[in-house]
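Let's take a walk through this structure, one piece at a time. Have the sequence and the 3D view open as you read.

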Amino acid sequence: MPENTTKIDVKIEQSWKDLLQADFETKNFRNLVSFLKDERIVHKIYPPGGQIFSAFELTPVPEVKVVILGQDPYHGHGQANGLCFSVSDGIKSPPSLVNIFKELNSDMNISVSPTGNLEKWARQGVLLLNSILTVRANNAGSHQKKGWEEFTDEVLRKISITNDHLVFMLWGKYAQAKADLIDPGKHLILQAAHPSPFSAHNGFFGCRHFSKTNKYLESHGIEPIDWDLNA
């Protein structure tokens, strides 16, 4: 990776470095790094620098089985940990995550987890990817259109090409707009309303994406995901 990317404490697993090398060297990414350096001088940014690429660090390219796509990180103190919808241990689960756990309980009879930390999923091959990887504290969406979207769109394109039989969970219109980046002939694309309290009752509840994912993986001889965070 180019030297200047280390300025934002990039920590990324080797298979992702290899896959995304060209993307780290683009003008778009260099401009993004410059923006973040300037932003940090005057604002607090989430997640912490060492966790910006946690999704990539915890889920190497060959191990990806499932992609859950979020928009941008939580903007409250201590919430964002680099995995979409996830929060660090000891942090109260935000409403969207509570609804994810409710659907998981309804779908697979898994008890609602006391922790909102989804690292266990990530370590099993669930790429928990936000489209935008950073945010200004207490300012949702503040890092939109700064370059992250172009970068993560390439992540989706490339993982669609390199891997086979993935499941993509696209919740809400924002995530569903990314469906064109994915090869539907190779992968299963599951779409539903966003788990936000504002929309969950419009099609997220009852979508049964977790059991559908495991059924698809098993049909292709792939180890299913243990979604139970209580174990």
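A good place to start is Pro47, which sits in the loop between β1 (45–46) and α3 (54–58). Keep in mind that you're looking at a predicted model, so what follows is computed from its coordinates. Look at the peptide bond leading from Tyr46 into Pro47: that bond is cis, with omega near -5 degrees. Most peptide bonds are trans, and most residues other than glycine have a negative phi. That second habit brings us to another loop, the one between β4 (135–136) and α6, where you'll find Asn138. Asn138 isn't a glycine, yet its phi is positive, at about 60 degrees.

Follow the chain on from that loop and you get to α6, which spans residues 148–162. Which way does α2 run against it, and how do the two touch? Helix α2 covers residues 27–42, and its axis comes within 9 Å of the α6 axis, with a crossing of roughly 130 degrees. Angles over 145 degrees would count as roughly antiparallel and 65 to 115 as roughly perpendicular, so α2 and α6 end up oblique to each other. The crossing of α2 past α6 is left-handed. On the α2 side, the residues that meet α6 are Asn28, Phe29, Leu32 and Leu36, and their partners in α6 are Trp148, Glu150 and Phe151. Sort this set by class and you get five nonpolar residues, one polar and one charged.

Helix α6 has another packing partner in α1 (residues 14–24), with the axes 11 Å apart and an angle of about 135 degrees. That angle makes α1 oblique to α6. This time the crossing is right-handed. From α1 the contact draws on Trp16, Leu19, Leu20, Asp23 and Phe24, while α6 brings Phe151, Glu154, Val155, Lys158, Ile159 and Thr162. By class, that's seven nonpolar, one polar and three charged residues.

Zoom in on Leu19, which lies in helix α1. What does Leu19 touch, once residues up to four places away in sequence are set aside? Its contacts are Val61, Lys158 and Thr162. Val61 is 42 residues from Leu19 along the chain, but their C-alpha atoms are separated by 8.2 Å.

Now move over to α4 and its neighbour α8 (residues 209–219), whose axes come within 8 Å and cross at roughly 60 degrees. Here too the helices are oblique to each other. The α4 face of the contact is made by Ile100, Glu103, Leu104, Asp107 and Met108, and the α8 face by His209, Phe210, Ser211 and Asn214. The class split is four nonpolar, three polar and two charged.

Helix α4 also leads us to the last stop, the largest pocket. Rolling a probe the size of a water molecule over the atoms shows where empty space is left. How much space lies in the largest pocket? About 630 Å³. Its lining takes in 33 residues, and those nearest the pocket's centre are Gln71, Asp72, Tyr74, Ser96 and His194. Three elements, β2 (66–70), α4 (95–108) and α7 (173–176), each supply at least two lining residues. The largest share comes from α7, with three residues. As for chemistry, the lining has 17 nonpolar, 14 polar and two charged residues.

How values were computed. Residues numbered from 1 in each chain as written. Predicted model: local features only at pLDDT ≥ 70, side-chain atom pairs only at ≥ 80, totals over all residues. Heavy atoms only, no water. Axes fitted to C-alpha atoms, helices over the stretch in contact; angles between N-to-C directions. Helix = DSSP H or I, 4+ residues; strand = E, 2+ residues; numbered from the N terminus. Parallel < 35°, antiparallel > 145°, perpendicular 65-115°, else oblique. Left-handed = near helix turned anticlockwise from the far one by under 90°. Contact = heavy atoms within 4.5 Å. Nonpolar A, V, L, I, M, F, W, Y, C, P; charged D, E, K, R; others polar. 1 Å grid on protein atoms, 1.4 Å probe; cavity = no way out; pocket = protein on both sides within 12 Å on 5 of 7 lines; lining within 4 Å. Points joined across faces, edges and corners; volume = space filled by probe spheres on them.
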